[in-house]
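Open the model in your viewer and bring up the ligand. This tour moves outward and back again, one selection at a time.

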Amino acid sequence: MNAGIIGLGSYAPDQILTNEDLEKKIDTSDEWIRTRTGIEERRIAAPEENTSHMAFKAAQEAIKDAGINPEQIGLILVATVTPDNPFPSVATMLQEQLGASNAAAMDVSAACAGFMYGIVTAKQFVETDTYSHVLVVGVEKLSKITNWEDRNTAVLFGDGAGAVIVSKVSEGRGILSFELGANGSGGKYLQQDGPYLTMNGREVFKFAVRQMGESAVNVIEKAGLNKEDVDMLIPHQANIRIMEAARERLELPIEKMSKTIHKYGNTSSASIPLSLKEEVMNGKVNDDDVIVMVGFGGGLTWGAIALKWGR
Ligand code: UT7
């Protein structure tokens, strides 16, 4: 039996920062941001709202949705590059707050591909019967490493969290295939250099357009499926033009690609689980649907999963 997702949760802070708000702070325009990125607004955590708090909210919802007790969780993996502190990890903070007394806990650092790395790691432990339930969280408070005077990056990012419980699911469902990869020679293109995130947008764009399509195609092939079998593509929400390139590579109609970037911006490791939650909530993902999730990010890193939805 494969590992799959049995519970889902998400959290976005209340405060909305619109493109119009940004126009007042830096030399940019709503028109530029919309047409170049697809972003209309993003959520920003309050100064006192930590990464661990957002993670806790999403995790609590995922645990409830899965119908399990926190004590049944064997491992907590938190994908984040914006932990409250370098250590203790956000995962250990969650372990205490949730009362997950039997769980091991660690953070996973793979930037925007972190949630994919987390899910694939969880799968290994579940399918070897090491742990029955693994909590995987993607969470970021990017606002705290954003240089609000740098228009190249300030317009792109947002805060939020998404969480899933990975456990065994019925025969035929669950994770069908995956791909993870890294290319450290591109690390300089997207990094936290001092207090702030810095980025060479054009280089990351070129890499992302190529890698997203390639990884998506690879996991479809590895699963023994064809492009037409895909019911929903959930790409990392970094830029609508990058997402569209992946969709076109898979020859999917527009309604088969998840799009939440307009309201959340790029939430890094949180973007895929946030989008998945919305699609499930809106009835766009149903039992036995084939989902392809694909992400890329700083490192450079990438990861993709083909999954048949349902418990
Ligand atoms: O999770 C992974 C994170 N990163 C990414 O996914 C980023 C990938 N890259 C991108 O999404 C795009 O490269 C950006 C959205 C960052 C930039 O879009 P672009 O189409 O590659 O624009 P560009 O960097 O080529 O800049 C075009 C122009 C420049 O002006 P000049 O030199 O042509 O006069 C920029 O200075 O747009 C200007 N520009 C802006 N103008 C208004 C750059 N940022 C802004 C801005 N508002 N916020």
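Select α7 (201–222). With four residues, α7 gives the most to the shell around the ligand. This is a predicted model, so read each distance below as computed from predicted coordinates.

Next, add α2 (30–37), α6 (151–154) and α8 (240–249). Each of these helices, like α7, supplies at least two shell residues.

Now colour by domain. Use 3–168 for domain 1 and 174–308 for domain 2. Where does the ligand lie relative to the two? Both domains give residues to the shell, so the ligand lies between them.

Show the whole shell: 22 residues surround the ligand. Pick out Thr28, Arg36, Arg202, Asn239 and Asn266, which come nearest. Then colour the shell by class. Ten residues are nonpolar, seven are polar and five are charged.

Zoom in on the polar contacts.

- Arg202: a polar side-chain atom sits 2.7 Å from a ligand oxygen.
- Arg151: a polar backbone atom is 2.9 Å from a ligand nitrogen.
- Gly201: a backbone N or O atom lies 3.0 Å from a ligand nitrogen.

Switch on the surface. How much of the ligand does the protein bury? Taken alone, the ligand exposes 950 Å², and the protein buries 76% of that.

Last stop: hide the ligand and look at the space it leaves. That space is the largest pocket. Bring the ligand back and keep both domains coloured: the shell around it draws on domain 1 and domain 2.

Technical notes: Residues numbered from 1 in each chain as written. Predicted model: local features only at pLDDT ≥ 70, side-chain atom pairs only at ≥ 80, totals over all residues. Heavy atoms only, no water. Near = heavy atom within 4 Å. Polar contact = N/O pair within 3.5 Å; in protein donor to acceptor, adjacent residues only side chain to side chain. Areas by Shrake-Rupley, 256 points an atom, 1.4 Å probe, with all protein chains shown as cover. 1 Å grid on protein atoms, 1.4 Å probe; cavity = no way out; pocket = protein on both sides within 12 Å on 5 of 7 lines; lining within 4 Å. Sits in = over half its atoms within 2 Å of the grid points. Nonpolar A, V, L, I, M, F, W, Y, C, P; charged D, E, K, R; others polar. Domains from an automatic or database assignment.
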